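The following exercises invite the reader to examine a protein model step by step. Each task is followed by a worked solution.

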Amino acid sequence: MKRFALVCASLLLLVAAPTTASAAPMPASTHRAISKLIDSFVKDVVLRRNLAAGWALVGPDMRGGTTRESWIRGTGVTAQAFPARGNDFSNAWDGKLVSPDEADLQVGLRSGGKNAEVIFAPTVVRKVHGRWVVDIYYQAGVARLGSGHKGSCASSRCAITGGNDFGPGSSTAGSYVPLPPGRAFWFWVVIGAVGGLVLATISGVLLYARARNRRALQAYEAAMGRR
C-alpha cells in the first residue's frame, strides 16, 4: 500500500490525460526537482505542517486573491487540506512537460484508516527565476475505499465524488452501482470511474488558470526581481 498514491496517479494519467504531441521529454534533473517540490508541497501545504515554508513553494496563481499573512494564519490557503498518509510524497505524481518551464501533473494521495479516501489533483508546476513552484493544485476527484459507500454523488456516503457531482441536476443521494466482490476489482473500477470524472474538470481548470496566468506571472516576476 506504500505505493498506492503513485499507482493511482499513474492510472489517472493513462485514463484522463489527453495526449500532448508537443510535450517535451523530462530530464532526470527536472524530475528530481519536481519530486522534491511535490513532497514539500504536500507536507507543508496540503498537510498544513509549515504554511510559512509552503508560501515559498507556490506561484502567482495560487497566491492570487490571498496574502502571505492570511496564508500563514491558515485562513487564506488556496489549496485544500487532506490528511494524506505517508512520510514521502516524492513519487505521488505523474505527468509531463509541456515546455521546458512548465509541467502538467496529476497528484494522487491516500488517507489512512479503514475508511480511507484517495484524491486526484490536477496540478501545474512552473519554473520561475530558476525555481520550480506549484501554480495550480485542484482536488478534482475523491474515491472512498471503505465498505458501505456506493455510487457517485456529492455526498460523503458515495464511493466516488467528482466535479460533475456538484453540477446542475446532480444528486447527493447517489445511485447504487452493483460491483462484483473483491478488493482488487473494486480498486480498478474506482480508478477508471474517477479518471472519467476528472477528465470532465481538468480541461476547464487548466484553461482558466492559463488564461489569467500571464499578468499574474509578470507581477510575480517583478516582485521577485525586487528582492
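The exercises below concern a predicted model.

**Exercise 1. Determine how the span of helix H2 compares with the expected value.**

Solution. Helix H2 covers residues 28-46, which is 19 residues. The expected span is 1.5 Å times one less than the number of residues, so the helix should span 27 Å. The end C-alpha atoms of H2 are 25 Å apart, which agrees. Just after the helix, Arg-48 takes a positive phi of about 60°.

**Exercise 2. Identify which elements supply the largest nonpolar core, and which gives the most.**

Solution. The core in question has 33 residues. At least two residues each come from H2, H3 and the strands S1 (93-99), S2 (102-110), S3 (117-128) and S4 (131-137). H2 gives the most, with 7 residues. Next, consider the residues with the most contacts inside the core: Ile-38, Phe-41, Leu-109, Val-125 and Tyr-137. Both Ile-38 and Phe-41 are among the buried residues of H2, a list that also includes Leu-37, Val-42 and Val-45. Finally, leaving aside residues up to four places away in sequence, Ile-38 touches Phe-89, Trp-93, Leu-105, Val-107, Val-125 and Val-134.

**Exercise 3. Classify the aromatic pair of Trp-55 and Trp-71, and state whether each residue is buried or exposed.**

Solution. A pair of aromatic rings is described by the distance of the centres and the angle of the planes. For Trp-55 and Trp-71 the centres are 5.5 Å apart and the planes are at 70°. Planes over 60 degrees apart count as edge-to-face, so this pair is edge-to-face. Trp-55 belongs to helix H3 (residues 51-55) and Trp-71 to helix H5 (residues 68-73); with their positions 16 residues apart, the pair links distant parts of the chain. The cut-off for buried is under 20% relative accessible area. Trp-55 has 11% and is therefore buried; Trp-71 has 0% and is buried.

**Exercise 4. Locate Gly-74 and assess its exposure.**

Solution. Gly-74 lies in the loop between H5 and S1. Its relative accessible area is 36%, so Gly-74 is partly exposed. Gly-74 and Leu-51 are 23 residues apart in sequence, and their C-alpha atoms are 7.4 Å apart in space.

**Exercise 5. Find how many disulfides the structure holds and describe the link.**

Solution. A search of the whole structure gives 1 disulfide. Cys-153 and Cys-158 form a disulfide, with sulfur atoms 2.0 Å apart. The angle about the S-S bond is 100°, and the link is right-handed. Cys-153 counts as buried at 0% relative accessibility, and Cys-158 counts as buried at 2%.

Technical notes: Residues are numbered from 1 along each chain as its sequence is written. This is a predicted model: local features need pLDDT of at least 70, side-chain atom pairs count only at pLDDT 80 or more; totals for chains, interfaces and linings use all residues. Side-chain values use heavy atoms; hydrogens and water are left out. Rings of Phe, Tyr and Trp (its six-membered ring) pair if their centres lie within 6.5 Å; planes under 30 degrees apart count as stacked, over 60 as edge-to-face and the rest as tilted. Helices (H or I, at least four residues) and strands (E, at least two) are DSSP runs, numbered from the N terminus. Buried means under 20% relative accessible area, exposed over 50%, partly exposed in between (1.4 Å probe, protein chains only). A nonpolar core is a set of buried Ala, Val, Leu, Ile, Met, Phe, Trp, Tyr and Cys residues joined through side-chain atoms within 4.5 Å. Contact means heavy atoms within 4.5 Å. A disulfide is a pair of cysteine sulfur atoms within 2.5 Å.
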